[in-house]
Amino acid sequence: MKNIAISVIVPVYGVEKYIERCVRSLFGQTLTDGVEFIFVNDCTKDRSIELLSACIECYPQLRSQIRIINHLKNRGLAATRQTGFDAARGEYILHLDSDDYFEPDMLDVMYEAALAKDADVVVSDYFFSFRKVEKLCECPLYDNKVNLLKSIIAPWRYGNKTIGSNVWNKLTKRSIYKKHNITSIEGINVGEDLIITIQTLYYANVITKVDRAFVHYNQQNIVSYSHDKSASNTRQRLGAIEIAANFLSKRGIACDEEFDERRFIDKLLAIANCDRDSVLKFLTVYPWLDYEKHKHLVAPYWRLPYKFALQGKIGMFIFLRNLISPIRKAYRLIYDR
């Protein structure tokens, strides 16, 4: 293809249950002319690539528009997305996680909106997709860019109405990435989209919105990065927060309260999910955060256990956590599905 309008970048790792649905949602788009599809295999150990290749065979008319790039070793989500971006040639970039999928006219409608406004970024709504239920997530743009950025950092302050840090509901000009050297940071695979989204939106002159939900954000893949609350992933998430905070601070955008609230929530999430040794380490993180100031962000049934943890009463905290966690998991299993 000489003129490429959109490059769709799809990381592939451990998604054999979902890859076919993802791929067919791309190849069945109402707009495929001028679209390149880049799949990056991060040394997946399952049948994902085999299933991807079988799907490609069903769309021979698109074969010249499809590339599979293979990593020589597993490098993680951030590096995989960057590999895809480095190979991309489109005017616009769109990411899709390989356990998620698009509505069939997403590319068509989003690209038309981009052309109509010469937009740097086009945003859409999306769905949280459970086994039996789809929950609409509306993504307002707000009246100015500072509020837009703050709503991403601390969405609870905005009634959880935010365009989110996700990269897959944002069609973005490749020139924004290139001009400002915006890259994914290898090793930060959780929260990496916060870093990218904060930067691309900051530099975007024209941001527009399509008032439709196109992306189905899969909530059933329990092995995805977003579901992993391990100590390692939490450290990556906290690292992403600091990079985003430093970026905005250097440019005179004050979001200290919003970032402190996000730090507080992620610190407590770590304490709620990690082993005892990791709990002790995370308790020393962000010593300036005040529990009394931020406790309104905590679910009522967690407030006493967290208070015990922050007071150093680890045994009591672990005891209460072991009572609460199974009940919460059972409730979410029933409610979300």
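**Exercise 1.** In which loop is the place of Asn-160? Locate the residue, then describe its backbone and its exposure.

*Solution.* The structure is a predicted model, in which local features need pLDDT of at least 70, side-chain atom pairs count only at pLDDT 80 or more, and totals for chains, interfaces and linings use all residues. Residues are numbered from 1 along each chain as its sequence is written, and side-chain values use heavy atoms, with hydrogens and water left out. Asn-160 lies in the loop between helix 5 and strand 8 (170-173), where helices (H or I, at least four residues) and strands (E, at least two) are DSSP runs numbered from the N terminus. Its phi is near 60 degrees, a positive value in a residue other than glycine. Asn-160 has 48% relative accessibility and therefore counts as partly exposed, the class between buried (under 20% relative accessible area) and exposed (over 50%), with a 1.4 Å probe and protein chains only.

**Exercise 2.** Carry out the analysis of Tyr-142 along similar lines.

*Solution.* Tyr-142 sits in the loop between strand 7 (134-137) and helix 5 (145-153). Its phi, near 70 degrees, is positive although the residue is not glycine, and its relative accessibility of 30% makes Tyr-142 partly exposed.

**Exercise 3.** Determine how helix 8 and helix 9 are oriented, and which kinds of residue form their contact.

*Solution.* Helix 8 (residues 231-250) and helix 9 (residues 256-273) pack at an angle of about 175 degrees, with their axes 10 Å apart; axes are lines fitted to C-alpha atoms, for helices over the stretch in contact, and angles run from 0 to 180 degrees between N-to-C directions. Helix 8 is therefore roughly antiparallel to helix 9, a term used for angles over 145 degrees. In the contact (heavy atoms within 4.5 Å), the residues of helix 8 include Leu-238 and Ile-241, while those of helix 9 include Phe-259 and Asp-266. The residues of this contact divide into seven nonpolar, one polar and five charged, where Ala, Val, Leu, Ile, Met, Phe, Trp, Tyr, Cys and Pro count as nonpolar, Asp, Glu, Lys and Arg as charged, and the others, Gly among them, as polar.

**Exercise 4.** Assess the span and the burial of helix 7.

*Solution.* Helix 7 (residues 192-203) has 12 residues and reaches 17 Å from its first C-alpha to its last, close to the expected 16 Å, which is 1.5 Å times one less than its number of residues. Because 11 of the 12 residues are buried, helix 7 is largely enclosed by the rest of the structure; among the buried residues are Glu-192, Ile-196 and Tyr-203.

Definitions and conventions. Angles under 35 degrees count as roughly parallel, over 145 as roughly antiparallel, 65 to 115 as roughly perpendicular and the rest as oblique.
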